[in-house]
Amino acid sequence: MFGIWAPEVDVAVETFYGIHTLQHRGQESAGICTTDGRTLTVKTGMGLVAQVFDEATAAKLVGIAAIGHTRYSTTGASRFRNAQPILLHDHCSGGEVAIAHNGNVVNAAQVRAELTEAGEGFETSTDTEVLAKYLLRQGGGEADMDAVWEARFSALMRHIKVAYSLVLLTPDRLMAARDPYGVRPLCIGQVGGRYVVASETCALDQLGASLVREVAPGELITIDESGMRAFQAIEPAQPAGCVFEHIYFARPDSILDGRAAWQSRSQLGVELAREHPVDADIVIGVPDSATAHAIGYSSESGIPYSEGLVKNRYVGRTFISPDQRLRELGAHLKYNPMPSVLAGRRVVVVDDTIVRGTTTPRIVRLLREAGAAEIHMRIAAPPIQHPCHFGVDMATRQELIAASQSVEDIRRHIGADSLGYLSIGGLQRAVSLGKPTCLACFNGDYPVDVQTEFEVDTLAVPLLTASAAPLSRNGSRRRPVRSDETLVALVPESR
Ligand code: SF4
């Protein structure tokens, strides 16, 4: 997500480059919304940012401020209608509001049912629309729009569970907010006296903006012609930032909790080498996401680092492709081993995670075919045994290889000579810097209640039929959710 308030620059073009820099956070759809001070204009499309926009098309979206989004679907299918930012009518101001969301709302189904009961209709199958419609129904008797939004966000943060980092745009204000646990990242930057908000600091760098600070958990930031103001909408909870951002998700040059993700990853490799040493000739990383981890392993172990796999950079990240078929195809297209480096060598292969166990056996096979004498797989994170409900796609235990198999079973499955995972203690030493983080996918200790008993049933709420659709306020039947879209509910899917 990205947002900018800067009337003197081409805000849509800046947003185009901003979300392009954040492409790694989602590859399914992209969108930009601008305001000219009176009306909002939005353009969204399926695919990568560069498939939806170029500089010329972005430049047609004129305005004084803009927000943008790349989608990695967690609740709601990967389809055009679910692309963000989504546009809604605001009954308080009489204008429109656009909203973009990073995260996954744990109680989206419950809130959707409450809103439906109250007469609200839905156009998409996303938790974002649920969150947005809840937000816009709050407030109304306040003195001005500042007070309205503050009341709305206070109510939202009391009722809507994690996880959400949000950017919103109205004709005359840009807003950014982060849930009380701070699960997903969101930061504020400044350039030329104007403000920018972004999911990661790498999007500030490409603009030449300096990092002001992270949006605090439970905080609402408002940016408009008079500058920036902050409102603590609710007391922050025990911090539960996603540790997976440090391990894998964030770009390595992004600063998280005051430190570059690359540094954390390198330190994960150091801890991994201490916990799982092995006699070997070279250390390679699975590119690109495990390169820093491998360099850390090499520096601690003294085993030389080398590149042994070449990645086709034009195949997306397999982990965040929207279905298993695409993931498997991605893994096959993605890597090519280098026999000149690998033949006859005992190889330590460092990867950041094994989630489903789809890609790793393929990589081990490729390395063997290239002549590697031994393959010692080292994983710079503990086994992922629990689903994420907060915005990373590992929704069900069935998908997680470590939820049902021992380390030895997994070693046999992937075909490595040895396998070692980093411990939770090692992960905390490398990443946490003394600040609590969410570790739920590793230890099952979720920062909020989640209804894990429903997870095996893959999460679809029964679809409404036309005759069963609730009556709207004017007595007509609202359009039911389409049968090819399921609102992922009860335990919202994390993709
Ligand atoms: S469960 Fe794991 S992936 Fe999900 S927010 Fe927590 S640490 Fe991140």
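**Stop 1: Arg-38 and Asp-36**

Select Arg-38 and Asp-36. Their side chains meet in a salt bridge, with N and O 3.6 Å apart. This is a predicted model, so treat each stop as a prediction. Now show the surface around the pair. Is Arg-38 buried or exposed? Arg-38 counts as exposed, at 64% relative accessibility. Asp-36 is partly exposed, with a relative accessible area of 29%.

**Stop 2: Arg-25 and Glu-200**

Next, select Glu-200 and Arg-25. Here is another salt bridge, N to O 2.5 Å. Look at where the two partners sit. Glu-200 is in the loop between strand E10 (194–198) and helix H7 (202–205). Arg-25 is in the loop between helix H1 (11–21) and strand E2 (29–35). The two residues are 175 apart in sequence, so the pair ties together distant parts of the chain.

Check the surface again. Glu-200 is buried, with a relative accessible area of 2%. Arg-25 is buried as well, at 5%. Buried means under 20% relative accessible area, so both values fall below the cut-off.

**Stop 3: one helix, one bridge**

Move to helix H15, residues 407–414. Select Arg-411 and Glu-408. They form a salt bridge, and their closest N and O atoms are 2.8 Å apart. How many residues apart are Arg-411 and Glu-408? They are 3 residues apart, about one turn of the helix. Glu-408 is partly exposed, with a relative accessible area of 36%.

**Stop 4: a network**

Now select five residues together: Glu-271, Arg-274, Glu-275, Glu-300 and Arg-429. Salt bridges link them in a network. Show their side chains as sticks to follow the links. The count for the structure comes to 27 salt bridges.

**Stop 5: around the ligand**

Select the ligand, then the residues around it. Val-183, Arg-184, Cys-242, Val-243, Phe-244 and Cys-388 are among them. So are Phe-390, Val-392, Met-394, Cys-438, Ala-440 and Cys-441. Two helices give two or more residues to this shell: H8 (243–249) and H17 (440–443).

Colour the shell by residue type. How many of its residues are nonpolar, polar and charged? The shell divides into 11 nonpolar, no polar and 1 charged.

**Stop 6: the space itself**

Hide the ligand for a moment. Rolling a probe the size of a water molecule over the atoms shows where empty space is left. The structure holds 3 cavities of 30 Å³ or more. Which of the cavities does the ligand take up? The ligand takes the space of the second largest cavity. About 90 Å³ of space lies in that cavity.

Select its lining next. There are 14 lining residues. Cys-242, Cys-388, Phe-390, Cys-438 and Cys-441 lie nearest the centre of the cavity. H8 and H17 each supply at least two residues of the lining. By type, the lining has 13 nonpolar residues, no polar and 1 charged.

**Stop 7: two buried residues**

Select Ile-223, in strand E12 (residues 219–224). Ile-223 counts as buried, at 1% relative accessibility. Add Met-175 to the selection. The two residues are 48 apart in sequence. In space, their C-alpha atoms are 6.2 Å apart.

Now jump to Leu-400. Leu-400 lies in the loop between strand E21 (374–379) and helix H14 (401–404). Is Leu-400 buried or exposed? Leu-400 is buried, with a relative accessible area of 0%. Add Ile-354, which is 46 residues from Leu-400 in sequence. From C-alpha to C-alpha, Leu-400 and Ile-354 are 8.5 Å apart.

**Stop 8: backbone surprises**

Switch to a backbone view. Most residues other than glycine have a negative phi, and most peptide bonds are trans. Three places here are worth a look.

- Select Gln-84 and Pro-85. A cis peptide bond joins them, with omega about 5 degrees. Pro-85 lies in the loop between strand E4 (65–71) and strand E5 (86–89).
- Select Pro-287 and Asp-288. Their peptide bond is cis too, with omega about -15 degrees. Asp-288 is in the loop between strand E17 (282–285) and helix H10 (291–301).
- Select Asp-257. Asp-257 is not a glycine, yet its phi is positive, about 50 degrees. Asp-257 sits in the loop between strand E15 (255–256) and strand E16 (259–260). At 31% relative accessibility, Asp-257 counts as partly exposed.

Definitions and conventions: Residues are numbered from 1 along each chain as its sequence is written. This is a predicted model: local features need pLDDT of at least 70, side-chain atom pairs count only at pLDDT 80 or more; totals for chains, interfaces and linings use all residues. Side-chain values use heavy atoms; hydrogens and water are left out. A salt bridge is a side-chain nitrogen of Lys or Arg within 4 Å of a carboxyl oxygen of Asp or Glu. Helices (H or I, at least four residues) and strands (E, at least two) are DSSP runs, numbered from the N terminus. Buried means under 20% relative accessible area, exposed over 50%, partly exposed in between (1.4 Å probe, protein chains only). A residue is near a molecule or strand if one of its heavy atoms lies within 4 Å of it. On a 1 Å grid over the protein atoms alone, a cavity is a set of points where a 1.4 Å probe fits but cannot get out, and a pocket is an open set with protein on both sides within 12 Å along at least five of seven lines; lining residues have an atom within 4 Å of a point. A molecule sits in a cavity or pocket if more than half of its atoms lie within 2 Å of its grid points. Ala, Val, Leu, Ile, Met, Phe, Trp, Tyr, Cys and Pro count as nonpolar, Asp, Glu, Lys and Arg as charged, and the others, Gly among them, as polar. Grid points are joined across faces, edges and corners, and a volume is the space filled by probe spheres set on the points.
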